[in-house]
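Q: Could you pick one part of this structure and take me through it slowly? I'd like to see how the pieces around it fit together, too.

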Amino acid sequence: MTAHRFRSARRIPAALVALLVLGGAGLLLYDLAAVRADRPAMAWRRELAHRLEVHTPADLGVQAAGGVLALAGAVLLLLAFTPGVRRILMMRGPDQDGEPGAGPPLRAGIGRKDAAQVLRDRAMEVPGVRSARVRMGRSRVRVRATSHFRELDEVRADLDAVIAVGIEELGLVHPPRPRLRVRRRAD
């Protein structure tokens, strides 16, 4: 079973709005064609056809309005089809840890800032680390640490081991690769 990212709740309303706009545009086009084909038209359709005769598609205002509406429709479709919760990292469930049938399928996630805070706390436990800053991405963890009394190579090796264990303990579906930078504090 593959774990899929969480999807934003906005996709259903965005898809409904896009379908309504598409349906309204199709109905408007049908009404315009019916009026142009000399079929009986309602008063509002005749008025609309008259306005459309006055304002042809060659008018700059009509082209600008069409471009804005097309752009709005494209944005709504993009929002409907893309996952919108990118700040949550997917975690493995119990059935993905090698225990099939352990219970109902669970979906868990952890926020990027929360995962970064966990890793920062782990980094601060390394002897010789005075301060640490962790930035968590989807595929990479950037750790910047400042050392003050141990050799940088020793601190870097310990920090690498601690961060690797911390990433494993987070239980992420796609564990990010760590990128460490350790430097001496400038006095």
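A: First, a word on labels: helices (H or I, at least four residues) and strands (E, at least two) are DSSP runs, and they are numbered from the N terminus. Keep in mind that this is a predicted model.

On the way to our part, let's stop at the largest pocket. Its volume is about 600 Å³. Helix H1 (11-36), helix H2 (43-54) and helix H3 (60-81) each bring at least two residues to its lining, and H1 gives the most, with six. There are 16 lining residues in total, and Leu28, Leu52, Val62, Gly66 and Leu69 are the ones nearest the centre. By type, the lining splits into eleven nonpolar, three polar and two charged residues.

Now for the part I'd like to zoom in on: the sheet. It's an open one with three strands in the order S3-S4-S5, and the pairing is mixed. Strand S3 (129-136) and strand S5 (177-184) are the edges, each pairing on one side only. On average, neighbouring strands here are turned by 15 degrees against each other, ignoring direction.

Look at strand S4 (residues 140-147) next. S4 pairs with S5 in the parallel sense, over eight bridges. For one spot to find on screen, Ala145 stands opposite Val182 in S5. Helix H5 (residues 152-170) packs on this sheet and touches S3, S4 and S5, with its direction at about 150 degrees to that of S5. Helix H4 (residues 112-124) lies across S3 and S4, and runs at about 160 degrees to S3.

Let's get closer still. Thr146 sits in strand S4. Its relative accessible area is 11%, so Thr146 counts as buried, the cut-off being under 20%. Leaving out residues up to four places away in sequence, Thr146 touches Gly128, Val129, Arg130 and Ser131, along with Arg183, Arg184 and Arg185.

Finally, slide over to Pro127, in the loop between H4 and S3. Pro127 has 47% relative accessibility, so it is called partly exposed. With the same residues up to four places away left out, Pro127 touches Phe149, Arg150 and Val155. Pro127 and His148 are 21 residues apart in sequence, and their C-alpha atoms are 9.6 Å apart in space.

How values were computed
Residues numbered from 1 in each chain as written. Predicted model: local features only at pLDDT ≥ 70, side-chain atom pairs only at ≥ 80, totals over all residues. Heavy atoms only, no water. Pairing = 2+ DSSP bridges. Axes fitted to C-alpha atoms, helices over the stretch in contact; angles between N-to-C directions. Contact = heavy atoms within 4.5 Å. 1 Å grid on protein atoms, 1.4 Å probe; cavity = no way out; pocket = protein on both sides within 12 Å on 5 of 7 lines; lining within 4 Å. Points joined across faces, edges and corners; volume = space filled by probe spheres on them. Nonpolar A, V, L, I, M, F, W, Y, C, P; charged D, E, K, R; others polar. Buried < 20%, exposed > 50% of the residue type's maximum accessible area, 1.4 Å probe, protein only.
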